[in-house]
Amino acid sequence: MTKQTAKPFLTNLYKGNNMIDFRSDTVTQPTADMRAVMNNAAVGDDVYGDDPSVNQLEHVAAERHGFESALFCSSGTQANLLALMAHCERGDEYICGQQAHNYKFEGGGAAVLGSIQPQPIENNADGTIDLNKVVAAIKADDFHFAKTKLLSLENTIGGKVLPLSYLEQARECVNKHNLALHLDGARVYNAAVKLGVDITEITQYFDSVSICLSKGLGAPVGSLLLGNKALIDKARRWRKVLGGGMRQAGMLAAAGQYALENHVTRLSDDHDNAAYLAEKLNSLSGFDTTPFQIDTNIVYANVDEAIDLKAVANKLKEKNILFSAGKPLRLVTHLGVTKHDINCFIDALAAEI
Ligand SMILES: *Cc1c(COP(=O)(O)O)cnc(C)c1O
């Protein structure tokens, strides 16, 4: 029998698609060191509770964020859905922002799969939700109404950091009205790094928190859900029902743990790069970032009507630069984007407008 040789595409393993990609921080490629950790990860069947790397990640993550338990989930969408389904029963409702990911961008999963009614409330410009409006939306105990069970916040939201003082007020509010408090913390580490505080300064206010390992933290797949044991047990059950019970998931969990241990402090590079990108972009005629609060790694800009962004995006794609041609323009920095890449992008953009 002839010995199998490595297929040619494997030689480019660490380089990914070789693009400068501003579409999202979900596009990051696992680094060589992360891949080495994944390669060496001990694995077992996690549905049997046998995967040492998943168990370790869940243990470390619970402790690190100040919770009793943690659950490794396949995505942020799944972690949020599990949180909603663990907090709420059929006919219950959660209050969230009109711009909340777990209202607007998750296919209506809570309603579709959980029979849970969302009660969205417009977000303020800074991403907060007016707590007076939250209180006004809480339904009385009356069989005409859904039962209001939960307030769900998002931090960062559109890259904006919620003030710690607001989180404290939100906690007081839910305590007073007997609601639980969930955080969609897909990018909560960006918030902690921006504020220069330990992650627990944020997570302490919440009954549950979801965290994406696969965005700025740079793991290939996976999110965490954190909560007390009863809540996580319930979420674990729903995860299996939803087809999210994974088997030898330890290779992914090991990447997630590596990301938590090695890719947090470097998020400040992404924030610095975003500020640099915003400044450069703003210096181009037809682009205006000034109406937007750019706290972390997401840059928004208004774009002149006369500029055909789709055509520009197609041109830049030929130069190996990817961005989403929406108006307002939204660009995301991450560990795959350097200052040099930003300069290349700005030069290419300037040449096309
Ligand atoms: C990306 C994101 C999610 C969902 O994460 P996926 O892993 O893409 O499902 C949830 N909430 C927020 C705020 C996000 O940005």
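This passage describes the surroundings of the ligand and the position of one residue, Asp233, in a predicted model.

In the model, the ligand sits in the largest pocket, and the residues around the ligand are Ser75, Gly76, Thr77, Asn80, His101, Glu106, Glu154, Asp184, Ala186, Arg187, Cys212 and Lys215. When the residues of this shell are divided by type, two are nonpolar, five are polar and five are charged. Helix α3, which spans residues 76-87, contributes three residues to the shell, and this is the largest share.

Several side chains of the shell have a polar atom close to a polar atom of the ligand, and the distances can be given one by one. For Thr77, a polar side-chain atom lies 2.6 Å from an oxygen atom of the ligand, while for Arg187 a polar side-chain atom is found 3.1 Å from an oxygen atom of the ligand. In the case of His101, the partner is a nitrogen atom of the ligand, which lies 3.5 Å from a polar side-chain atom of this residue. Taken alone, the ligand exposes 380 Å², and of that area the protein buries 84%.

The second part of the description concerns Asp233, which has its place in helix α10, a helix formed by residues 229-241. Because its relative accessibility is 36%, Asp233 counts as partly exposed, a term applied to values that are neither under 20% nor over 50%. Although Asp233 and Ala70 are 163 residues apart in sequence, the distance between them in space is 9.3 Å, taken from C-alpha to C-alpha.

Note on methods. Residues numbered from 1 in each chain as written. Predicted model: local features only at pLDDT ≥ 70, side-chain atom pairs only at ≥ 80, totals over all residues. Heavy atoms only, no water. Near = heavy atom within 4 Å. Polar contact = N/O pair within 3.5 Å; in protein donor to acceptor, adjacent residues only side chain to side chain. Areas by Shrake-Rupley, 256 points an atom, 1.4 Å probe, with all protein chains shown as cover. 1 Å grid on protein atoms, 1.4 Å probe; cavity = no way out; pocket = protein on both sides within 12 Å on 5 of 7 lines; lining within 4 Å. Sits in = over half its atoms within 2 Å of the grid points. Helix = DSSP H or I, 4+ residues; strand = E, 2+ residues; numbered from the N terminus. Nonpolar A, V, L, I, M, F, W, Y, C, P; charged D, E, K, R; others polar. Buried < 20%, exposed > 50% of the residue type's maximum accessible area, 1.4 Å probe, protein only.
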